[in-house]
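Subject: The structure I promised you

Hi,

Here is the structure we talked about, sequence and all. Open it up and have a look around, then read on for what turned up.

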Amino acid sequence: MNFNVLTIFPEIFDIFESGVISKALANKNFSLNCLNIRDHAINKHGQIDAKPYGGGEGMVMMAEPLKKSLDDIPKKELGHVIYLSPQGSKLNQSKVITLSKMESLTLICGRYEGVDQRFIDKYVDEEISIGDFILSGGEYAAICLIDSIVRNIPGTIGNKESVTNDTFSNGLLKGSVYTRPENFEDLDVPEVLLSGNHAKIEDWKMTNSLIQTHLRRPDLLNDVKLTNKQRKLLEELTSKDIL
Ligand SMILES: C[S@@+](CC[C@H](N)C(=O)[O-])C[C@H]1O[C@@H](n2cnc3c(N)ncnc32)[C@H](O)[C@@H]1O
């Protein structure tokens, strides 16, 4: 999979020199092509933005430097063009999975007050927001998007199950996890996790996942298709007022 990124701060993407994603990059599980929009500035001062028509605060990124940056990418490597924007549709795991199946994505990182609407209308396939809050630049949103997609490219995460068992992958929160030592400041690891009884451990994990989802993100339960066992368990827990 290839990502093209249009940005005025390509160095921000050096972040992918660390962690599991850096290994995926080194192993060529994906490639990253950062283009500096300022290479197509309209003057020798590096200008890529201008005051908004109609007045108002801040500056707006001009269409022309963005379009010329897009032209630097061979047509067949352009793929789906995404503008990271708080006004886009909100990213979720199912969207991430869909995008992870694409060959190429081109990500436009806005700054200032955003991007001239005409560039969006003409060259952007989709606007994606990473949440209902405002970032100072689309780079941070693009990093989240790339990271979440690359995790799902086969070969990135050593243990495939850690992706398929992640929170949201089955519509629920994953639930609590524990590691050594068995006792930390008078708090014990739940005994069942030390029992070696795999069936019981799986049951505990499922129960814990349902409880955590019910308590923290009950909205998720409206969309998820629970198994009969999960539904019964949830009914039991709620009817007994355990939750
Ligand atoms: C300061 S923001 C501009 C916000 C704009 N004034 C508005 O109110 O919609 C600058 C850039 O950061 C990016 N950005 C900000 N919040 C974002 C979010 N929640 N998701 C994705 N990108 C975001 C966009 O690329 C945006 O063009």
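Let's start with a pairing: which residue in β6 is the bridge partner of phenylalanine 3? It is leucine 105. Before you go hunting for it, keep in mind that this is a predicted model.

**The strands**

That pair belongs to a longer run of pairing, since five bridges join β1 to β6. The two strands run parallel. You can find another facing pair if you look at valine 5, which stands opposite leucine 107 in β6.

β6 also pairs with β5, again in parallel and through five bridges. Here valine 81 has threonine 106 in β6 as its bridge partner. To get from β5 to β6 the chain passes through α3, and this β-α-β crossover is right-handed.

β1 has a further partner in β2 (residues 31-36), with six bridges in the parallel sense. Look for threonine 7 there: its bridge partner in β2 is asparagine 36. Together with α1, these two strands make a right-handed β-α-β unit.

How many of the six residues of β1 are buried? Five are, so the strand is largely enclosed by the rest of the structure. β6 is mostly covered too, with five of its six residues buried.

**The helix α5**

Next, try α5 (138-150). Its 13 residues should span 18 Å at 1.5 Å a residue, because the expected span is 1.5 Å times one less than the number of residues. The C-alpha atoms at its two ends are indeed 18 Å apart, so the model agrees with that expectation.

Which residues of α5 are buried? They are Gly138, Glu139, Ala141, Ala142, Ile143, Leu145, Ile146, Ile149 and Val150. While you look at that list, remember that an α-helix has 3.6 residues a turn, so residues three or four places apart point the same way. As for what they pack against, the buried residues of α5 meet the strands β1, β5, β6 and β7 (126-129), along with the helices α1 (19-26) and α3 (93-100).

**Around the ligand**

There is a ligand here, with 19 residues surrounding it. The closest are Pro86, Gly110, Leu135, Gly138 and Ala141. Two elements, β5 (80-90) and α5, give two or more residues each to this shell. Which one gives the largest share? That is β5, with four residues. Sorted by class, the shell has eight nonpolar, nine polar and two charged residues.

**Some oddities in the loops**

Now for a few unusual backbone spots. Most residues other than glycine have a negative phi, and most peptide bonds are trans. With that in mind, check these:

- Tyrosine 112 is not a glycine, yet its phi is positive, about 55 degrees. You'll find tyrosine 112 in the loop between β6 and α4 (117-123). It counts as partly exposed because it has 17 C-beta neighbours inside 10 Å.
- Phenylalanine 168 is not a glycine either, and has a positive phi of about 85 degrees. Its place is in the loop between α6 and β8. With 16 other C-beta atoms within 10 Å, phenylalanine 168 is partly exposed.
- Arginine 180 and proline 181 are joined by a cis peptide bond, with omega about 0 degrees. Proline 181 is also found in the loop between α6 and β8.

**Two glutamates to click on**

Glutamate 182 sits in the loop between α6 (160-164) and β8 (183-184). Is glutamate 182 buried or exposed? It is exposed, because it has 12 other C-beta atoms within 10 Å and the cut-off for exposed is 12 or fewer. Setting aside neighbours within four places in sequence, glutamate 182 is in contact with Asp188, Val189 and Leu194. Leucine 194 is twelve residues from glutamate 182 along the chain, and their C-alpha atoms are separated by 8.7 Å.

The other one, glutamate 11, is in the loop between β1 and α1. It has 10 C-beta neighbours inside 10 Å, so it counts as exposed. For a sense of distance, go from glutamate 11 to leucine 215: they are 204 residues apart in sequence and 41 Å apart in space, C-alpha to C-alpha.

Have fun exploring, and write back if you get stuck.

Cheers

Conventions: Residues are numbered from 1 along each chain as its sequence is written. This is a predicted model: local features need pLDDT of at least 70, side-chain atom pairs count only at pLDDT 80 or more; totals for chains, interfaces and linings use all residues. A residue is near a molecule or strand if its C-beta atom, placed from the backbone, lies within 6 Å of it. Ala, Val, Leu, Ile, Met, Phe, Trp, Tyr, Cys and Pro count as nonpolar, Asp, Glu, Lys and Arg as charged, and the others, Gly among them, as polar. A residue is buried if 20 or more other C-beta atoms lie within 10 Å of its own, exposed if 12 or fewer, and partly exposed in between; C-beta atoms are placed from the backbone. Two residues are in contact if their C-beta atoms, placed from the backbone, lie within 7 Å. Two strands pair if DSSP finds at least two bridges between them. A crossover is right-handed if, with the strands pointing away from the viewer, the path from the first strand over the helix to the second runs clockwise.
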